[in-house]
Amino acid sequence: MQNILDDFKKSVDSRTALFDIKIDSAINGTLNLSGRVLDGSQLDDLPRLFPTHKLNTASIRILNAEAHERVHVATNLTGLYEKPAFGMPLSSELCFGTGLEILDNQGNWVFIKQTDGYLGWAYRPYLGEGPAPAPTHLVLAPVIEVRAEPNETSAVLTRLVSGTGVVVEETSDGWSQVLANKSGWVQSQHLRPINDLPTTLEEKRAAIIRDSQRMTGIPYLWGGTSGNGIDCSGFAQLLHRWVGVDIPRDADMQCNAAKPIGPPYEVGDLFFFAEDNSRRNITHVGISLGGWKMIHSSRSRNGVYVDDVQEVKFLKDIFASAGSFLR
């Protein structure tokens, strides 16, 4: 009967839900169950799976019903993994300051939930207690050096990646002293004040055109979200973050949440693509630069480049739909 639970688990989207239940024993028609689920409503499926049995669910933890520690990413960049070990598949990346809720732990690893509900495993020594200071600026460049003094000859203390939120404490002659995983100086031109993000649709579209070029040539990396390497949906998410718009992490999630649109396409619209051999219907996303011209992090081209959907047969054949978070 355990196979019934295992088969059902395959239908659960592990990015945003958890269903980890086992049968401990079967006594006099009662199944004694243990394990973890994210939400109590998931237990409602059990009677349907075992209609002829009584169910003892007292040993199943409901994680959302428990009190959990709030933490933040305290290093400049770390991975979010499918399993609690380095070398496991990378689900995403977390930059400094990202707020997390610890749902469970296993050794030096913690099972966490981000504010958007995205789940995964993070390395506990890279996390700090409580929330990070509220950022005042976002890092615009793919990667910037943080220096000990406000000049290019001083020592490099660390590096910060694109989209990282930092606190600017002081400015001096084109340099800003920032507080992140370390305190130091960066060139002010690589920062965007959060209180001065684009507000109108026209401003956001103009910023997306400029910002997208900053990432040209950054290599493709499955699960990547930064100038160290980025995947298609991470790139779309980053461009929206830079203009103050939060969107889901993965391409299929973005497709489901976006406002459906049709042509003519405008700057900032998202193009969604579906490949037949994928578990998920939508497997790729690109950002329109106006019309069918788009910029995307392409696995086949190994990085962020511009293509015309109508001129690239592969893209034209798998184009599925378009949507927008700006309109």
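Q: Why is C232 called buried?
A: In this predicted model, C232 has a relative accessibility of 6%, and since buried means under 20% relative accessible area, C232 counts as buried.

Q: How do you know that helix 4 is mostly covered?
A: Nine of the ten residues of helix 4 are buried, and C232 belongs to that group together with S233, G234, F235, A236, Q237, L238, L239 and H240. Helix 4 spans 232-241 and also supplies at least two residues to the lining of the second largest pocket.

Q: Why does C232 form no disulfide with C255?
A: The closest cysteine sulfur to that of C232 is the one in C255, at 12 Å, and because a disulfide requires the two sulfur atoms to lie within 2.5 Å, this separation is too far for a bond. Seen from the other side, the sulfur of C255 likewise has C232 as its closest cysteine partner, at 12 Å, and is too far for a bond. For the structure as a whole, the number of disulfides is zero.

Q: What makes S162 a buried residue, and D45 a partly exposed one?
A: S162, which is found in the loop between strand 13 (156-161) and strand 14, has 4% relative accessibility and therefore counts as buried, the limit being under 20%. D45, placed in the loop between strand 2 and helix 2 (46-49), has 25% relative accessibility and so counts as partly exposed, because this class lies between the 20% limit for buried and the 50% limit for exposed.

Q: Which residues, distant in sequence, are set against S162 and D45 in space?
A: S162 is 76 residues from L238 along the sequence, yet their C-alpha atoms are 7.8 Å apart, and L238 is one of the buried residues of helix 4. For D45 the corresponding residue is F8, 37 residues away along the chain, with a C-alpha separation of 9.3 Å.

Q: What lines the second largest pocket, and what is its volume?
A: The volume of the second largest pocket is about 920 Å³, and its lining comprises 40 residues, of which C95, T98, Q114, R241 and D246 lie nearest the centre. By class, the lining has 20 nonpolar, 15 polar and five charged residues. Besides helix 4, the elements that each supply at least two lining residues include strand 6 (90-95), strand 14 (165-172) and strand 18 (225-226).

Q: Why are strand 1 and strand 3 called edge strands of their sheet?
A: The sheet is open, with three strands in the order 1-2-3 and mixed pairing. Strand 1 (19-27) and strand 3 (54-62) each have a single partner strand, so one side of each is left without a neighbour in the sheet. From one strand to the next, the twist averages 20°.

Q: How do you know that strand 2 and strand 3 pair?
A: Strand 2 (residues 30-37) is joined to strand 3 by seven bridges, and because pairing requires at least two bridges, the criterion is met; the two strands run parallel. Within this pairing, R36 stands opposite R61 of strand 3.

Q: What makes strand 20 and strand 24 the edges of the six-stranded sheet?
A: This open sheet has the order 20-25-21-22-23-24 with antiparallel pairing. Strand 20 (259-261) and strand 24 (303-308) each have a single partner, so one side of each lacks a neighbour in the sheet. Neighbouring strands here are turned by 35° against each other on average, direction ignored. Strand 21 (residues 270-273) and strand 25 (residues 319-324) run antiparallel and are joined by four bridges, with F271 opposite A322 in strand 25.

Notes: Residues numbered from 1 in each chain as written. Predicted model: local features only at pLDDT ≥ 70, side-chain atom pairs only at ≥ 80, totals over all residues. Heavy atoms only, no water. 1 Å grid on protein atoms, 1.4 Å probe; cavity = no way out; pocket = protein on both sides within 12 Å on 5 of 7 lines; lining within 4 Å. Points joined across faces, edges and corners; volume = space filled by probe spheres on them. Nonpolar A, V, L, I, M, F, W, Y, C, P; charged D, E, K, R; others polar. Buried < 20%, exposed > 50% of the residue type's maximum accessible area, 1.4 Å probe, protein only. Axes fitted to C-alpha atoms, helices over the stretch in contact; angles between N-to-C directions.
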